[in-house]
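Student: I would like to work through this structure with you, one question at a time. Could we begin wherever you think best?

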Amino acid sequence: MRRRRMRRIEPAAVFGVMSRDATIFTRYWKTTTFSSVVDPTIYLLAFGFGFGALVSSVNGLSYKEYIGTGIVATAVLFSSVFPAMFGTFIKYRFQRTYDAFLAAPVDVDEIATSEILWIGLRAGVYGNAPLLVAIAFGLSPRWTAIFVPIVCFVTGAAFAGFGLTVAAIARSIDNFSYVQSGLLTPLFLVAGTFFPIDGLPNAIQVVAQFNPLYHCVQLVRDLVVMGIDPWADLGHLAFLTVFGLITWRLAIWRLRVRLID
Amino acid sequence: MSETSAISLRGVVKRFGRVTAVNGLDLEVPSGICLGLLGPNGAGKSTTMRMLTAQAHPDEGTIDVLGYRLPEASKLARAEMGVVPQLDNLDVELSCRQILTVFARLYRVPKADRHAAVERALAIANLVDRSDTRVDLLSGGMRRRLLIARGLVHRPRLVLLDEPTVGLDPQVRQELWSLIDNLRSEGTTVLMSTHYIEEAERLADTVAVMSRGQIVTQGRPSALVREHAGAQVHEVYGSPSALAELRERAEREGWVTRRSGPALAILHAERHDGALPDGERRAANLEDAFVTLTGEEIE
C-alpha cells in the first residue's frame, strides 16, 4: 500500500475547476455586464428620482446616496445566490458536470470551494456596478470605497455557499420558489437598502440583525459615504465572514450527500 | 494484494436502500490486459464502475485500485486513471480543446506539457479538425470520441470504459473499437463494462460475466465458450409445439439448450452427434455461454 497522500483541498484542483467556469464565462460576460449595469441604473432612476422626490434625506444622507450604496448589496445577492442555485442544480442534475470532475482527481470539497470562490469573485466585481452608476449620477465617494470589492466578495461567496446548499438539497428546480419568496425577498427588502430598519417594529429589527445583507449594506454605506465606525464595521465584517464559513461547510456537506453514494 | 493487479475487489457489497446492486463481488484485473465486464442491464456494472472512482462507497469488502485503498486514497488512484462514463457529461458550451485543457489541469498535467497533451488527445480521438468546435455542434460519435480523449489526456495507466459504444451506430462502434484496441496494445490496462457480446469478444483478453451483482465466471472468451457451450451448437427450427416437445426430450437426455430467436439451440452439439434431430450446425459463441450462465438474454 502506498503511503503518499494528497491534501484535502488542493489549489490545483480548485483552480482547475475555476478555469472551467472562467472559460465558459468568456461566452456570456457581455450579457452579465449588461444586466449588472442596467439593473442598478433602473433602480437608481426609479427610486432615486421617483421616490427620492418625496424624501429629502434618510439618516443624514440624500436618498440617492442612501440607495446608491444600498443596492450594492442587492446586486451582490442577485449575482451570487441565483447563479449558485440554478448553476449548481443544472450542473449536477442535467449536465452531470460534477460527475466528470469527480472521476478526475477532484473531490467534493474542491468543487464546492471552487464554485464559491468563483461566484464570490464575480460578485466582487459586479457588486460595484451600482456604485459606479451612482457615481456617474453624482455621488462622491470617500477614499475608503476602494474596500467595497472586498465586502462584495465576502458577501457574494457567503451567499454562493448558501445557494449551493439549497441546490444540493432541492429535489427539483421549482423548490427554489420557496427559498426565493420565503427567504430571499424578505432578506433583500429588510436590509436597510431602500428604507432604514429602525422604523420597523422591534421584533423585526432584532431579526434584521441576523440578515447578512443588512451587514453588507451597513459596511458599504460606511465605506462610501458615512465614514468608518471601526468596532461596528469589524462586527459587520465578522458576521459576514462567519456566515460565509458556515455556508461553505454546509455546501460541502450537502453536495457530498448528493453526489457520493 | 498482488503487485500485478491493477484492480482488486474483494467481497464488495453495495446496497441502495433495499436493493443490493453489488452482492459479494470478487474481481482481479491484472495489469496490462483488457478485461470485459459483461452483463445485462441491471447486473451492477455501472455501480461497480462508480465504486472504482469512489463516487459510490462500498458497504462491505475492500477495493484497491493501482495499489491505493479506496475510498480513502481514491484521489491518488484517480490521478493515474482515465474514466469514460456511460452518460455523456461533456460541457456543451465549451470547444473540444477547451474541455481537454480544463481536464489536463484537473489531471495535474504540468503547464509546460499541457498544450502537447491536449494536441495528442485531439489526435488520438481524430478531432484535430474539430478542435475549436463547440461540443453541442458535434455528432454523437465525435462526442463519444471526445469523452474518450478527455479520459486519456494525462496518459493514464488504467482506463475505465463504461459501456463505451452504447447507443452508437455500427460504423461509429467500429471506430471506437479500434481506438480501444490501440490502447490495449500500448499496454494500458482497460476495464470495460459492456452488455454487447460482440464488443467483449472482440476487445477483451478476459471476460468476467456479471449477473445479479456478482461475477459468475471469468476467463478468456474462447475458454468460456468451450467450457459452457462446447464447440458446436445445433439449432433446430420448428413449430412451437415441436420445439416444446424437443425441449422435453432434451431435459430427459440431459442436453443443454437455450432459446435462440425462433429456434431451440442445443449446446455441446459435438457430444451428441447422430442423436440430434435435423437442424443447422454453427460454431458456439460467447452469447451461448452467456445465456447458459446467467439465464438472461442479452444483445
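Student: In which loop of chain B does B:Arg108 lie?

Tutor: This is a predicted model, and what follows should be read with that in mind. The backbone of B:Arg108 has a phi near 65 degrees, a positive value in a residue that is not glycine. As for its place, B:Arg108 belongs to the loop between α3 and α4 (111-124) of chain B.

Student: Which element gives the most residues to the side of chain B that touches chain A?

Tutor: The contact draws 26 residues from chain B and 26 residues from chain A. On the chain B side, the elements that contribute two or more residues are β5, α2 (74-79) and α3 (96-106) of chain B. Of the elements on that side, the one giving the most, with 5 residues, is α3(B).

Student: How many charged residues does that side of chain B have?

Tutor: Sorting the side of chain B that touches chain A by class gives 12 nonpolar and 6 polar residues. The remaining class, the charged one, has 8 residues.

Student: What is the order of the strands in the open sheet of chain B that contains β5?

Tutor: We can build the order from the pairings, beginning with β1 (residues 5-16) of chain B, which pairs in the antiparallel sense with β2 (residues 19-30) of chain B over 9 bridges. Strand β1(B) also pairs with β4 (residues 60-65) of chain B, again antiparallel, over 5 bridges. Strand β4(B) is in turn joined by 3 bridges to β5 (residues 68-70) of chain B, the two running antiparallel. The 4 strands of this open sheet therefore follow one another, with β2 and β5 at the edges, as β2-β1-β4-β5.

Student: Why is one side of β2 and of β5 of chain B left without a neighbour in the sheet?

Tutor: The sheet is open, with antiparallel pairing, and its twist averages 25 degrees from one strand to the next. Strands β2 and β5 of chain B stand at its edges, and one side of each has no neighbour in the sheet because each has a single partner strand.

Student: Which residue in the turn between β4(B) and β5(B) has a positive phi?

Tutor: Near this turn the bridge partner of B:Val65 in β5(B) is B:Tyr68, while B:Ile63 stands opposite B:Leu70. The two strands form a hairpin with 2 residues between them. The turn residue with a positive phi, of about 55 degrees, is B:Leu66.

Student: And which residue takes a positive phi in the hairpin of β1(B) and β2(B)?

Tutor: Within this pair of strands, B:Ser8 has B:Glu28 in β2(B) as its bridge partner. The hairpin has 2 residues between the strands, and the residue with a positive phi, near 60 degrees, is B:Gly17.

Student: Which residue is joined to B:Leu70 by a cis peptide bond?

Tutor: B:Leu70 is the residue of β5(B) that B:Ile63 faces. The peptide bond in question has an omega of about 0 degrees, and the partner lies in the loop between β5 and α2 of chain B. That partner is B:Pro71.

Student: Which strands are at the edges of the sheet that contains β11 of chain B?

Tutor: This open sheet has 4 strands with antiparallel pairing, in the order β12-β13-β11-β14 of chain B, and its twist averages 30 degrees from one strand to the next. Inside the sheet, β11 (residues 232-236) and β13 (residues 263-266) of chain B pair over 3 bridges, with B:Val236 opposite B:Leu264. The strands that pair on one side only, and so form the edges, are β12 (257-260) and β14 (280-283) of chain B.

Student: How do α1 and α5 of chain A lie to each other: what word describes α1(A) relative to α5(A)?

Tutor: Residues A:Ser36, A:Val37, A:Pro40, A:Thr41 and A:Leu44 in α1(A) meet A:Ala129, A:Pro130, A:Val133 and A:Ala134 in α5(A), a contact that divides into 7 nonpolar, 2 polar and no charged residues. The crossing is right-handed. The axes of α1 (residues 11-50) and α5 (residues 129-136) of chain A come within 8 Å and cross at roughly 55 degrees. That angle makes α1(A), relative to α5(A), oblique.

Student: Which element of chain A has the highest mean pLDDT?

Tutor: Chain A averages a pLDDT of 90, and 97% of the residues score at least 70. Among its elements, β1 (residues 57-58) of chain A has the lowest mean, 84, whereas the highest, 96, belongs to helix α6 (residues 148-169) of chain A.

Definitions and conventions. Residues numbered from 1 in each chain as written. Chains lettered and ligands numbered in written order. Predicted model: local features only at pLDDT ≥ 70, side-chain atom pairs only at ≥ 80, totals over all residues. Axes fitted to C-alpha atoms, helices over the stretch in contact; angles between N-to-C directions. Parallel < 35°, antiparallel > 145°, perpendicular 65-115°, else oblique. Left-handed = near helix turned anticlockwise from the far one by under 90°. Contact = placed C-beta atoms within 7 Å. Nonpolar A, V, L, I, M, F, W, Y, C, P; charged D, E, K, R; others polar. pLDDT = per-residue confidence, 0-100.
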